Amino acid sequence: MEQWKGKIAIVTGASAGIGEAIVVKLVQYGVHVVALARREVKLKELAESLNGKGNDYGKVHIKVCDVTDEQAVKNVFSWVDSTLGGVSILINNAGILKVSSLLNGKLKDWQDMMNLNVMALNVCSREAFQSMTRNKIDGHIIQVSSTAGHNVTPYFSMKMYNATKHAVRVLCEGLRHEIQLVGSKIKVSSISPGAVSTDLLLNVLEHTKEPNSSVQLNNALKTKDVANAVISTLATPPSVLIAEIIMMANGSTIQPHFQPSPAVVENLLKL
């Protein structure tokens, strides 16, 4: 990680969960982080907890930004270029999961997932590539995806989320291909975790649990596990690319195997 000390990273979805854990880990390795999220209070709390720890630590800059707003994203990258000298690392972590069936789901729910999980990710990747190219930085773009991009989950009302994460996998390889064709040395990696202990997962499990049962989160990764995978990916020498990491709690599978009960399906159709 010595190669990244003092460099600039942008992390989306940085105010909580996996994004927050990634910011903490990067700062510990001396990387300066521009943390993006919509919740200003949470961002300020994160910055206050990390800034001023000493010269060996990076600094956190916060920017309130809805990454589905293209102009807002452009403004952030323009600020990073003019103020900090350009971005060296982009961690596309922001994402959303809405329980919404293909049978009677709301168009807005589908659009919200596509806009954040796919379109915003692509806009941020585009702006990062252009910033790195302008500033002659051989940087690294990391997409935090999901094993949902490598399976079709048996959870009812989750298939549109599957579709967004499959799209991320295609776009990740597509971005590598186009970068190769223009002769750039910028790296593109994807990290696909299985279940991670976050508020997002707990909310999903609450909706998909069997009637009269409680949510059980017995086999899940911790957010720091994903942050450590980011560090491992970044720590490779310039000649080595970790293209894809698929990770999950021991005892899990990439393709889950179970059948939801009719009662669960009926309840989800009522949402």
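The legends below describe close-up views of a predicted model.

**View 1. The largest cavity of the predicted model.** This cavity has a volume of about 40 Å³. Its lining consists of Thr12, Val67, Asn92, Asn93, Ala94, Leu116, Ala120, Leu121 and Cys124. Helix α4, residues 107-134, gives the largest share of this lining, four residues. By class, six lining residues are nonpolar and three are polar. No charged residue lines the largest cavity.

**View 2. The second largest cavity.** The count comes to two cavities of 30 Å³ or more. The second largest holds about 30 Å³ of space. Around this space lie Asn92, Ala94, Leu116, Asn117, Leu121, Val144, Lys165 and Val168. Helices α4 and α5 (159-181) each supply at least two residues of the lining. The most come from α4, with three residues. Five of the lining residues are nonpolar, two are polar and one is charged.

**View 3. Residues that appear in both cavity linings.** Asn92, Ala94, Leu116 and Leu121 line the largest cavity. Asn92, Ala94, Leu116 and Leu121 also line the second largest cavity. Helix α4 gives the largest share to the lining of the largest cavity, and α4 also gives the most to the lining of the second largest cavity.

**View 4. The second largest pocket.** This pocket has a volume of about 410 Å³. It is lined by 22 residues, and the closest to its centre are Gly139, Lys185, Ile186, Lys187 and Pro238. Two elements, α5 and β6 (187-193), give two or more residues to the lining. Helix α5 gives the most, with three residues. The lining divides into nine nonpolar, eight polar and five charged residues.

**View 5. Lysine 136, a residue with a positive phi.** Lysine 136 has a phi of about 55°, although it is not a glycine. Lysine 136 sits in the loop between α4 and β5 (140-144). Is this lysine 136 buried or exposed? Lysine 136 counts as exposed because its relative accessibility is 75%, over the 50% cut-off.

**View 6. Serine 157, a residue with a positive phi.** Serine 157 is not a glycine either, yet its phi is positive, about 70°. Serine 157 is found in the loop between β5 and α5. Is serine 157 buried or exposed? Serine 157 is buried because its relative accessible area is 4%, under the 20% cut-off.

Conventions
Residues are numbered from 1 along each chain as its sequence is written. This is a predicted model: local features need pLDDT of at least 70, side-chain atom pairs count only at pLDDT 80 or more; totals for chains, interfaces and linings use all residues. Side-chain values use heavy atoms; hydrogens and water are left out. On a 1 Å grid over the protein atoms alone, a cavity is a set of points where a 1.4 Å probe fits but cannot get out, and a pocket is an open set with protein on both sides within 12 Å along at least five of seven lines; lining residues have an atom within 4 Å of a point. Grid points are joined across faces, edges and corners, and a volume is the space filled by probe spheres set on the points. Ala, Val, Leu, Ile, Met, Phe, Trp, Tyr, Cys and Pro count as nonpolar, Asp, Glu, Lys and Arg as charged, and the others, Gly among them, as polar. Buried means under 20% relative accessible area, exposed over 50%, partly exposed in between (1.4 Å probe, protein chains only).
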